[in-house]
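Student: I have a model open and would like a close look at a single part of it. Please take me through that part, then show me how the rest is arranged around it.

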Amino acid sequence: MYGFSRAIYRELADDIVEDAQNGGAFANHERVLRACEATVERLATDRHYFARPARTLFNDVRVYFPMTSQLRVLRVIEHYLAMVDDVVSRLPKNGVDVNGNPLQCRSSTRKGTPCQRMPLAHNGYCPSHQHLATTEERPLLRAA
Ligand SMILES: [Zn+2]
């Protein structure tokens, strides 16, 4: 997975603007790389709760790029995060996330403990809890 955050960073690195007053010669490069890693990590482990990853990452890093690069930065981010999402969307069939942790249903039992059942790939809920997915998709669609 870190290959993807490195790839985004490498495509963008030449355009990053550094401000010597603000933490050193490569401080902004570091910030962009960390933001890419955080976004890919979150997309890989928590994609059902991450509604607009490309927009989120772009908003985090756009201040480090000149006006003339903004559109390209957004396109690069969208391109790579779409690939990450595609890879991650195939993973739940194995029963583990990208870090090898067992997947669990996103809901809780009546006792309040996390539901331990295997979730479905398309919505992250187990078969007994998947009705919860339909109630939450409406606000997401409206936002999109
Ligand atoms: Zn469940």
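**An exposed phenylalanine, the helices and the zinc site**

Tutor: Phenylalanine 26 is exposed, because its relative accessible area is 60% and the cut-off for exposed is over 50%. Bear in mind that this is a predicted model. Phenylalanine 26 sits in the loop between helix H1 (2-12) and H2. Take isoleucine 16 as a landmark. Phenylalanine 26 and isoleucine 16 are ten residues apart in sequence. In space, their C-alpha atoms are 9.3 Å apart.

Now step back to the overall layout. The protein has five helices and zero strands. Read from the N terminus, the order of elements is α-α-α-α-α. The protein has 144 residues, and 35% of them count as buried. About 8900 Å² is exposed. Carbon and sulfur atoms supply 53% of that area. Consider next the contacts between residues at least 6 apart in sequence. Of these, 49% join residues at least 24 apart.

Start with helix H1. Its buried residues are Ser5, Ala7, Ile8, Tyr9 and Leu12. H2 and H4 are among the elements that cover them.

Valine 76 gives a residue-level view of H1 and H4. Valine 76 belongs to helix H4. It counts as buried because its relative accessibility is 7%, and the cut-off is under 20%. Valine 76 and isoleucine 8 are 68 residues apart in sequence. Yet their C-alpha atoms lie 6.8 Å apart in space. Set aside the neighbours of valine 76 within four places in sequence. Valine 76 is then in contact with Ile8, Glu11 and Leu12. Two residues in that list, Ile8 and Leu12, also appear among the buried residues of H1.

Helix H3 comes next. It covers residues 53-61, and Pro53, Ala54, Leu57, Phe58 and Val61 are buried there. These residues lie on the same side of H3, because they cover an arc of only 130° around the axis. The general rule helps here. An α-helix has 3.6 residues a turn, so residues three or four places apart point the same way. The buried residues of H3 pack against helix H2 (27-46) and H4. So H2 and H4 serve both sets: they help cover the buried residues of H1, and they pack against those of H3.

Finish at the zinc ion. Its protein donors are Cys105 (SG), Cys115 (SG), Cys126 (SG) and His129 (ND1). They lie 2.0 to 2.4 Å from the ion. The arrangement is tetrahedral, because the four donor atoms subtend angles of 105 to 114° around the zinc ion. Along the sequence, the donor residues are spaced C-x9-C-x10-C-x2-H. Cysteine 105 and cysteine 126 are both in the loop between helix H4 (70-90) and helix H5 (131-143), so the pair ties together parts that are 21 residues apart in sequence.

How covered are these cysteines? Cysteine 105 and cysteine 126 are both buried. Cysteine 105 counts as buried because its relative accessibility is 5%. Cysteine 115 is also buried, with a relative accessible area of 4%. A search of the whole structure finds zero disulfides. For reference, a disulfide is a covalent bond between the sulfur atoms of two cysteines. In this model, the SG atoms of Cys105, Cys115 and Cys126 are donors to the zinc ion.

Methods
Residues are numbered from 1 along each chain as its sequence is written. This is a predicted model: local features need pLDDT of at least 70, side-chain atom pairs count only at pLDDT 80 or more; totals for chains, interfaces and linings use all residues. Side-chain values use heavy atoms; hydrogens and water are left out. Donors are N, O and S atoms within 2.8 Å of the metal (3.2 Å for Na, K and Ca); water is not among the atoms, so sites may look incomplete. Four donors count as tetrahedral if all angles lie between 85 and 135 degrees; four count as square planar and six as octahedral if opposite donors are over 155 degrees apart and all others between 65 and 115; anything else is irregular. Helices (H or I, at least four residues) and strands (E, at least two) are DSSP runs, numbered from the N terminus. Buried means under 20% relative accessible area, exposed over 50%, partly exposed in between (1.4 Å probe, protein chains only). Contact means heavy atoms within 4.5 Å. Accessible areas come from the Shrake-Rupley method with a 1.4 Å probe; for residues, only the protein chains shown count as cover. A disulfide is a pair of cysteine sulfur atoms within 2.5 Å. The arc is that of the directions from the helix axis to the C-beta atoms.
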